[in-house]
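Student: I've got a new model open and I'd like to learn how to read it. Can you walk me through it?

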Amino acid sequence: MRTGLTKRQKTTGIFFDEQSNIIEVQTHNTDLKKRLGAFAQQYPSLCRQTDDDGQGGLTFEIEKGRLSFRLTAPYSEERRSKASAWAKERGIQVGK
């Protein structure tokens with residue numbers, strides 16, 4: 001979809017406070033829109049689309065506890081070497 005927005009203008013915002021049981025997610029990210037849309041269809045009591053900005057952005061409300069953030073630590077050199085050896089043994093080429 002051509003929206004006239006630059007990639008920098010296509011943002012994702014996640015808003016919540018400590019009192020409400022609802023998280024608001026505003027996004028232009030295609031994968032996130034698809035995932036939230038599918039979740040809203042499957043669980044309408046927990047998630048719903050509340051807005052479409054007409055420029056490719058959608059807004060969803062989702063119950064707290066249904067959205068999570070995952071922080072991933074960088075691989076150690078040892079782990080990176082083991083993963084590389086494992087992939088080479090199986091003929092897997094990454095990044096090519």
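Tutor: Let's go from the overall layout to the core, and then out to the surface. Keep in mind that this is a predicted model.

Student: Okay, what pattern does the protein follow along the sequence?

Tutor: Start by listing the elements in order. Here there are 2 helices and 4 strands, and reading along the sequence gives β-β-α-β-β-α.

Student: How spread out is the protein next to a compact globule?

Tutor: For that, you set the radius of gyration against what the globule rule gives for the chain length. The radius here is 19 Å, while the rule gives 12 Å for 96 residues, so the protein is more spread out than a compact globule. Along its principal axes, the C-alpha trace spans about 50 × 35 × 25 Å. Also, buried residues make up 19% of the 96.

Student: Which residues form the largest nonpolar core?

Tutor: The general idea first: in soluble globular proteins, nonpolar side chains tend to be buried together. In this model the largest such core has 8 residues: Ile 23, Val 25, Leu 36, Ala 40, Cys 47, Leu 58, Phe 60 and Ile 62. Strand 2, helix 1 (30-42) and strand 4 each give two or more of them, and strand 4 gives the most, with 3 residues.

Student: Take Val 25. Is it buried or exposed?

Tutor: Check the relative accessible area; buried means under 20%. Val 25 comes out at 2%, so it is buried. It sits in strand 2 (residues 22-27). Beyond its close sequence neighbours, within four places, its contacts include Ile 14, Leu 32, Leu 36, Leu 58, Phe 60 and Leu 67.

Student: And what does Cys 47 touch?

Tutor: Skip residues up to four places away in sequence, and you find Leu 36, Phe 39, Ala 40, Phe 60, Glu 61 and Ile 62. Leu 36 and Phe 60 are also among the contacts of Val 25.

Student: Now the outside. Which residues make a nonpolar surface patch?

Tutor: Look for nonpolar side chains that stay accessible. Ile 14, Phe 16 and Phe 69 make a patch of about 310 Å². Phe 69 lies in the loop between strand 4 (58-63) and helix 2 (77-89). With a relative accessible area of 58%, and exposed meaning over 50%, Phe 69 counts as exposed.

Student: How much accessible surface does the protein have?

Tutor: The total comes to about 8100 Å², and 48% of that belongs to carbon and sulfur atoms.

Definitions and conventions:
Residues numbered from 1 in each chain as written. Predicted model: local features only at pLDDT ≥ 70, side-chain atom pairs only at ≥ 80, totals over all residues. Heavy atoms only, no water. Patch = residues over 30% accessible without salt bridge, like charges linked within 9 Å, V, L, I, M, F, W, Y side chains within 5 Å. Areas by Shrake-Rupley, 256 points an atom, 1.4 Å probe, with all protein chains shown as cover. Salt bridge = Lys/Arg side-chain N within 4 Å of Asp/Glu carboxyl O. Buried < 20%, exposed > 50% of the residue type's maximum accessible area, 1.4 Å probe, protein only. Contact = heavy atoms within 4.5 Å. Core = buried A, V, L, I, M, F, W, Y, C linked by side-chain atoms within 4.5 Å. Rg over C-alpha atoms; globule rule 2.2 N^0.38 Å.
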